[in-house]
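Here is my note on this structure, written for someone meeting it for the first time. Please keep the view open beside the text as you read.

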Amino acid sequence: GGAAAARDLLAVGLYELDEAVGRRVGAVELFSLPGLLRGGEPSAGSAGGLRDISGVFDLRWRPAFHAGVAPALALALADGSARVYEAVPGDGGGELWELREQHRTDVEPKGMCLAVGWCPSGRNIAIGTHGGSLAVLRGAECGGFKAEAEHRDAHPAEVWTAAFDAHREDLVYTGADDSAFKGWDLRAPNVAFQRTKAHGAGVTAVAPCQHREGLVATGSYDENLRFWDIRSLCAPVLTRELKTGGGVWRVKWHPTRSDALLIANMHAGFCTVRAKFSDAAPVCEEAKVAELYEGHGSLGYGADWWCGEPPESAGRDIVATCSFYDNLLHIWETEAL
């Protein structure tokens, strides 16, 4: 599954193919990160969740959080729908939360939704589909989202990742199984740029940096992490490449720093990356693997940083990682950042 953190809540998406009936089933588990760190009982940290939904391919917390506004979680599901849930405290108090569905759109009814990403303000959502589409859910004037998604034929293959630029509301990036990395200006009908062979295999992760305008990282089955200078939108420049091994599946920038990334490397576990950038430009001058985490014995799939205040006992950054076939969630502290 995947992991996504919002303050002290951790959401983990689950996916399993029920071969007997040919259906992809899933769930969302919510955890309290302080509760997980306290440990103790096997149920320590459990904070609620969802059952009996379709398989979860991707999930993301809404980035814009304001006082009095509930955290919102967007899901890309195997039944072809995109859904938004709000997390609200449970009636029983304590650390239990409820996920209440706020919106559902059947984006690709006979296919699957593979990726989901919020725009910086939390108003719009980008979705990548199995059929090669980029779909955009627009916020409605009265709140919530419009009933129908806007579709673009983005790639001739599965769109594994879709992400809004961290500084521009109308710019969306996609990466797909055709090895292409593309940018879309939502105000125009055609593609803004395309690097048709951005990697030597499918592009599985596109991560715009929230700390440096014009900086985007991409990952691929080809085991490479690449850094791009997007300032010239018609011709993005590759500025650095780092082989991390295993096949990159998720790339997450550190929540407050531009010199650190967390990578889920499928067959090679998880790693943190330290990067150095030029002062005047989003050009990566150096990148190296800082730490390799091999605590999982299966495919490294989900990864995220803890965005809340670290506990007094933690001297370093805390991350959550989860693996596919063995269904494990690990919470660990980075050592080399």
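1. A good place to start is the aromatic cluster: ring pairs link Tyr15, Phe57, Trp160, Tyr221, Trp249, Tyr301, Phe324 and Tyr325. Rings of Phe, Tyr and Trp (its six-membered ring) pair if their centres lie within 6.5 Å; planes under 30 degrees apart count as stacked, over 60 as edge-to-face and the rest as tilted. By this rule the count comes to 17 aromatic pairs.

2. Before going further, a word on the source. This is a predicted model in which local features need pLDDT of at least 70 and side-chain atom pairs count only at pLDDT 80 or more, while totals for chains, interfaces and linings use all residues. Residues are numbered from 1 along each chain as its sequence is written, and side-chain values use heavy atoms, with hydrogens and water left out.

3. Please look next at Tyr173 and Phe193. Their ring centres are 6.2 Å apart and their planes stand at 50°, so the pair is tilted. Tyr173 lies in strand S14 (residues 171-176) and Phe193 in strand S16 (residues 191-195), and the pair links distant parts of the chain, 20 residues apart. Strands are DSSP runs (E, at least two residues), numbered from the N terminus. Are these two residues buried or exposed? Tyr173 is buried at 0% relative accessibility, and Phe193 is buried too, with a relative accessible area of 3%. Buried means under 20% relative accessible area, exposed over 50%, partly exposed in between (1.4 Å probe, protein chains only).

4. Trp253 and Phe277 make another tilted pair, since their ring centres are 6.1 Å apart and their planes are at 45°. Trp253 belongs to strand S21 (residues 250-253) and Phe277 to strand S23 (residues 270-277), so the pair ties together parts that are 24 residues apart in sequence. Trp253 is buried, with a relative accessible area of 6%; for Phe277, also buried, the value is 6%.

5. Now to the sheets. One open sheet has four strands in the order S5-S6-S7-S8, with antiparallel pairing. Two strands pair if DSSP finds at least two bridges between them. Strand S5 (56-61) and strand S8 (97-106) stand at the edges with a single partner strand each, so one side of each is left without a neighbour in the sheet. The twist averages 25° from one strand to the next; axes are lines fitted to C-alpha atoms, and angles run from 0 to 180 degrees between N-to-C directions.

6. Within this sheet, S7 deserves a closer look. Which strands does S7 pair with? Strand S6 (residues 72-77) and strand S7 (residues 81-89) pair in the antiparallel sense over five bridges, and nine bridges join S7 to S8, again running antiparallel. Opposite Ala74 is its bridge partner Val84 in S7, while Leu75 stands opposite Arg83. On the S8 side, Tyr85 stands opposite Glu101. S6 and S7 form a hairpin with three residues between them, and Gly80 in the turn has a positive phi of about 85°. S7 is mostly covered, as seven of its nine residues are buried.

7. Finally, four strands form an open sheet in the order S17-S18-S19-S20, with antiparallel pairing. Its edge strands are strand S17 (203-208) and strand S20 (237-243), each pairing on one side only. The twist averages 20° from one strand to the next. S17 and strand S18 (residues 215-220) pair in the antiparallel sense over five bridges, and Val203 has Ser220 in S18 as its bridge partner.
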